[in-house]
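Welcome, and please open your viewer so that we can walk through this structure together. Each stop tells you what to select and what to look for there.

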Amino acid sequence: MEITALLDLADGYVEQNRSVDKRKNLLRGRTVINLFFENSTRTRTSFELAGKRLGADVINMQASASSVQKGESLIDTAMTLNAMHLDVLVVRHPESGAVKLLSEKVNCAVINGGDGSHEHPTQALLDALTIRRRKGGLSGLTVAICGDVLHSRVARSNIHLLNTMGARVRLIGPRTLMPAEVGRMGVEVYHDMRAGLEDVDVVMMLRIQNERMRGTFLPSIREYFHFFGLDYEKLALAKPDAVIMHPGPMNRGVEIDSDVADDVERSLIREQVEMGVAVRMACLDLLTRGLPDTSPTGA
Ligand code: CP
């Protein structure tokens with residue numbers, strides 16, 4: 001299966017990243033551009049590191065410092081970059097569907113670095129690698145995804161991946177933060193966090209995405225934390241060896257208690273960041289394998 005093969009490849013890159021010599025020349029001669037129309041710390045930096053550790057030339061473009069500010073459209077921006085013979089374009093955009101639209105206009109490989117509330121596929125892959133390394137596999141696990149599911153691309157991509165890999169997914173959150181189509185997502189839905197956390201193997205917390213909210217979704221942050229914030233009292237309902245995850249950035253004291261987030265035994269939040277680099281190396285590796293060889297020694 002493609003997901004398993006990618007995770008196996010990423011496992012090898014974890015070892016490379018932990019060694020002194022982190023660099024290989026697999027992508028020598030290749031050009032990767034990170035085109036970000038939204039802020040990012042983890043995704044942009046890890047794609048940059050991933051490309052550089054594989055020997056590619058990597059360019060970071062922040063839309064706020066580009067000719068987008070002078071009125072250039074998304075498509076014109078992509079086609080301009082495409083004319084420079086790049087090999088991989090990593091795109092983050094606030095509008096759902098924007099990355100797919102752009103991918104139809106260029107002839108390089110395009111990776112979705114997160115589009116609106118729609119998808120964040122490399123996040124789901126790095127989450128899967130993190131879980132697999134701790135739990136030994138994904139099939140048969142029960143994973144609770146908790147919080148602002150409505151606005152979360154991380155939740156959507158994780159639901160697809162976890163269902164595909166044979167895990168059971170529970171969504172936990174207030175009714176106001178559940179998508180209308182939740183009944184068709186192949187998940188169990190809980191509005192009572194204590195009931196939803198019972199006997200789960202993995203607790204994946206989501207950030208409250210204030211920047212995507214149009215209107216009032218929550219009475220108050222204090223009340224939200226009381227009912228849906230992860231603290232030790234609620235965590236006690238999960239399995240004794242349940243692990244804690246969060247894609248970041250975290251809002252401590254809003255969706256997660258600070259001590260829980262920093263629990264060295266149970267929190268995998270730092271491992272998720274580490275796995276992000278390895279998974280993105282595997283994505284760049286696989287996506288460039290089918291491309292024509294443009295390296296100095298290539299045909
Ligand atoms: N998880 C994630 O996408 O983080 P960034 O927004 O920092 O890239």
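Before we set off, keep in mind that this is a predicted model.

**Stop 1: the sheet**

Start by showing the strands β7, β6, β5, β8 and β9, which in that order make up an open sheet of five strands. Their pairing is parallel. Colour residues 188-190 and 243-245 to pick out the edge strands, β7 and β9, each of which pairs on one side only. From one strand to the next, the twist averages 20°.

Now zoom in on residues 142-146 and 168-172, the strands β5 and β6. How many bridges join β5 to β6? There are five, and the two strands run parallel. To see one of these pairs, select Thr-142 and look across to Arg-168, its bridge partner in β6.

**Stop 2: helix α2**

Next, select residues 42-53, which form α2. This helix has 12 residues and reaches 16 Å from its first C-alpha to its last, close to the 16 Å expected at 1.5 Å a residue. Show the side chains and you can find its buried residues, including Thr-43, Phe-47, Glu-48, Ala-50 and Arg-53. Ser-46 and Gly-51 of α2 are buried as well. Step just past the end of the helix to Gly-55, which takes a positive phi of about 90°.

**Stop 3: the enclosed space**

Stay with α2 for a moment, and turn to the empty spaces of the model. Rolling a probe the size of a water molecule over the atoms shows where such space is left. A search of the whole structure finds one cavity of 30 Å³ or more. It holds about 60 Å³ of space.

Which residues should you select to see the lining of this cavity? Choose Arg-42, Ser-46, Gln-123, Leu-126, Pro-247, Gln-272, Val-273, Gly-276 and Arg-280. Three helices, α2, α5 (121-135) and α11 (269-289), each supply at least two residues of this lining. The largest share, four residues, comes from α11. Coloured by class, the lining shows three nonpolar, four polar and two charged residues.

**Stop 4: the largest pocket**

Now select Arg-92, Arg-153, Arg-207, Gly-248 and Pro-249; of the 20 residues that line the largest pocket, these lie nearest its centre. About 370 Å³ of space lies in this pocket. You will meet α2 again here, for α2 and α6 (153-164) each supply at least two residues of the lining. By class, the lining of the largest pocket divides into four nonpolar, nine polar and seven charged residues.

**Stop 5: the second largest pocket**

The second largest pocket has a volume of about 300 Å³. To find it, select Val-110, Ile-111, Asn-112, Pro-121 and Leu-287, the closest to its centre of the 16 residues that line it. Two or more lining residues come from each of α4 (98-103), β4 (109-115), α5 and α11. Strand β4 gives the most, with four residues. This lining has nine nonpolar, five polar and two charged residues.

**Last stop: Tyr-232**

Finish at Tyr-232, which lies in helix α9 (residues 232-235). Is Tyr-232 buried or partly exposed? It counts as partly exposed because its relative accessibility is 40%. Add Asp-259 to the selection: the two residues are 27 residues apart along the chain, and their C-alpha atoms are separated by 8.6 Å.

Methods:
Residues are numbered from 1 along each chain as its sequence is written. This is a predicted model: local features need pLDDT of at least 70, side-chain atom pairs count only at pLDDT 80 or more; totals for chains, interfaces and linings use all residues. Side-chain values use heavy atoms; hydrogens and water are left out. Two strands pair if DSSP finds at least two bridges between them. Axes are lines fitted to C-alpha atoms, for helices over the stretch in contact, and angles run from 0 to 180 degrees between N-to-C directions. On a 1 Å grid over the protein atoms alone, a cavity is a set of points where a 1.4 Å probe fits but cannot get out, and a pocket is an open set with protein on both sides within 12 Å along at least five of seven lines; lining residues have an atom within 4 Å of a point. Grid points are joined across faces, edges and corners, and a volume is the space filled by probe spheres set on the points. Ala, Val, Leu, Ile, Met, Phe, Trp, Tyr, Cys and Pro count as nonpolar, Asp, Glu, Lys and Arg as charged, and the others, Gly among them, as polar. The expected span of a helix is 1.5 Å times one less than its number of residues. Buried means under 20% relative accessible area, exposed over 50%, partly exposed in between (1.4 Å probe, protein chains only).
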